[in-house]
Structures are given as C-alpha cells and as structure tokens.
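Hi,

Here is the model I said I would pass on. Have a look at it first, and my notes follow underneath.

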Amino acid sequence: MKTFSFNFAAIATLTIALAAGLAACGDDDSGGNGNGNGGDVEKDGTYNPNGEITRIDVADICPDANHPHVIDLGFGTKWACCNLGASRPEQGGDYFAWGETEPRTVDDYAYKYGDLTECQYIGDDISGTQYDAAKAQWGAQWCMPSLAEYRLLLRRCTFAAALMEGEMGLLATGTNGKKIFLPMAGTLPFSYPGEGWYWTSTVNDHENGTRAYVLAFDAMETDWHVGAYRVNGLTIRAISK
Ligand SMILES: [Zn+2]
C-alpha cells in the first residue's frame, strides 16, 4: 500500500498488513475476478489516484429522513445507509471494540475480552451472535458484515472520495447505481479523522486471535487486508438480512 504505508506507520500498534492471512480466511465470495473497477480495487487498493472529491447529498442516497435505510447495491448484500450510533449517513456514529455490543468512550478502555496480547476466543465470525453490535443495537434484522461481504463490496462497487455535509467519506456505488457513504470517522483511541476503519465480523486467527479484519481507507486508497487489534474502537456499518 502506497499511501497507507505512510499514513498507518504512526499507528503500528493498531494495524498490520495481513495479506498472508487471507488464504486462511476462505475465498471466494463473489465468483468474479477483475470485473472493472472492483478488480482494480482488490489488486492495489487505489481508487482515486488523482485525489478528486465528489460532492454528494443525503438525498442522493436515502429516500427520506428515516434512517437507517436498507440499501440494496445490486449484488445481493443489503447495506445500512449509516453507521451504528449515527442518525444520518455522514455521521461517524459510535465506536466499538470487536465483539462488544455497547459503544465505548475515550475514557473507558477496559476491553471486555482481553487486551493487546491475549484475547478470549468468541468465535471465528461473530455476525448474528451475542457479540454482534449491529444485532444488539438495531435488532435481529441487522448484523455485522463479514470479511467476505466487504470483499464483495470492493469487487462489485465503484468508489469515489466524497464530501457529504462537510464530512469526508468513501462513496460506494453498486451495480444498480445505488450508493452508500462510509464516513472517514477514524478510530478510538487513536482518532484518525482522515481515515475510515470499519470492523468486519471475521476474526484474524494469527497472533492468538487478538485482531479482526477491517476495511480501512483514506481519500485515495482502500485496504481490505488489514487487521486491527480487537481492543480498539472502530466504526461499524451493518448489513440487513
Ligand atoms: Zn438513510
């Protein structure tokens, strides 16, 4: 990763590139390879080499103000229009440690299931379980997306860096033209406002399972093969069953 290797160097304790770990995670979720922009994203992560910013309104994504909406992007998975804890698509919402179902704050950092070096095993995939924050917060219709579901998103969507109501985010446009906007809401406690860090429901079983997979991005690149330590507070974008 070009841009990310610079940006993420300062938060080495948070993240590590885990390309080698992917093989253990099961492949193939979409059956599609190299399908235009999606394939390019998976290949090198660069979606916006020229640094262009698209302006977008909530009305371009949602039919009314009753968020969260279910957005069908045209390839099977239905995504929420906004983050857990957010009342509008451009808001970052709440930050969760992986497997915790209540939001955490800057001042409260005793992770329920371990620490940086050792974590309790709570499952290879916590989507739909008692550890799923989306299910706990929004009800059984909702769940956390797995690594496979994020990989499918990257393969099938086209991407733009976008500005909505003054907030930067990643705009994903599905095969049917529908869109979701993922704010660059950073993390807790490190707080990187120019980057988005979203949990998948999939644990990374290297290093005692202290990490889980994430989708990370900034205004130029996405990075889907990065794991974050489970103790950190990241944002969550739910999917609908
Ligand atoms: Zn909405």
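Let me start with one of the sheets: four strands in the order E2-E6-E7-E8, open, with mixed pairing. Strand E2 (53-55) and E8 are the edge strands, and each has a single partner strand, so one side of each is left without a neighbour in the sheet. On average, and ignoring direction, neighbouring strands here are turned by 40° against each other. Bear in mind throughout that this is a predicted model.

Going across that sheet strand by strand, E2 and E6 run parallel and are joined by three bridges. If you want a residue pair to click on, Ile53 has Ala161 in E6 as its bridge partner. Next comes the pairing of strand E6 (residues 158-164) with E7, which is antiparallel and has seven bridges. Ala161 turns up again here, with Leu170 in E7 as its bridge partner. The two strands make a hairpin with two residues between them, and Glu165 in the turn has a positive phi of about 50°.

From E7 you can carry on to strand E8 (residues 179-183), again antiparallel, with five bridges joining the two. Ala172 has Ile180 in E8 as its bridge partner. E7 and E8 form a hairpin as well, with five residues between them; in that turn Gly177 has a positive phi of about 90°.

How is this part of the sheet covered? Strand E7 (residues 167-173) has five of its seven residues buried, so it is largely enclosed by the rest of the structure. E8 is an edge strand, yet it is mostly covered, with five of its five residues buried. Both of its faces are covered: Lys179, Phe181 and Pro183 are buried on one side, and Ile180 and Leu182 on the other.

Which residues of helix H4 are buried? H4 (residues 147-156) is mostly covered, with ten of its ten residues buried. The buried set takes in Leu147, Ala148, Glu149, Tyr150, Arg151, Leu152, Leu153, Leu154, Arg155 and Arg156, so do check the charged side chains among them when you have the model open.

There is another open sheet of four strands, this one antiparallel, in the order E3-E4-E12-E5. Its edges are strand E3 (70-72) and strand E5 (142-143); each has a single partner strand, so one side of each is left without a neighbour in the sheet. E5 is joined by two bridges to strand E12 (residues 239-240), and the two run antiparallel. Cys143 is the residue standing opposite Ile239 in E12.

One loop residue also caught my eye. Val231 sits in the loop between strand E11 (222-229) and E12. Is Val231 buried or exposed? With 24 other C-beta atoms within 10 Å, Val231 is buried, the cut-off for that being 20 or more. Leaving out residues up to four places away in sequence, Val231 touches Ala97, Tyr111, Asp115 and Leu116. The C-alpha atoms of Val231 and Thr210 are separated by 8.1 Å, with the two positions 21 residues apart along the chain counted as their spacing.

Now the chain as a whole. Its secondary structure comes to four helices and twelve strands. Of its 241 residues, 48% are buried. Taking contacts between residues at least 6 apart in sequence, 62% join residues at least 24 apart.

Last, the confidence. The mean pLDDT of the chain is 82, and 80% of its residues reach 70 or more. Residues 1-43 have pLDDT below 50, and this stretch has 60 contacts in the model beyond near neighbours in sequence. Where pLDDT is low, the predicted coordinates should not be read in detail.

Shout if anything here is unclear.

Cheers

Methods. Residues are numbered from 1 along each chain as its sequence is written. Two strands pair if DSSP finds at least two bridges between them. A residue is buried if 20 or more other C-beta atoms lie within 10 Å of its own, exposed if 12 or fewer, and partly exposed in between; C-beta atoms are placed from the backbone. Two residues are in contact if their C-beta atoms, placed from the backbone, lie within 7 Å. Axes are lines fitted to C-alpha atoms, for helices over the stretch in contact, and angles run from 0 to 180 degrees between N-to-C directions. pLDDT is the predictor's confidence in each residue, from 0 to 100.
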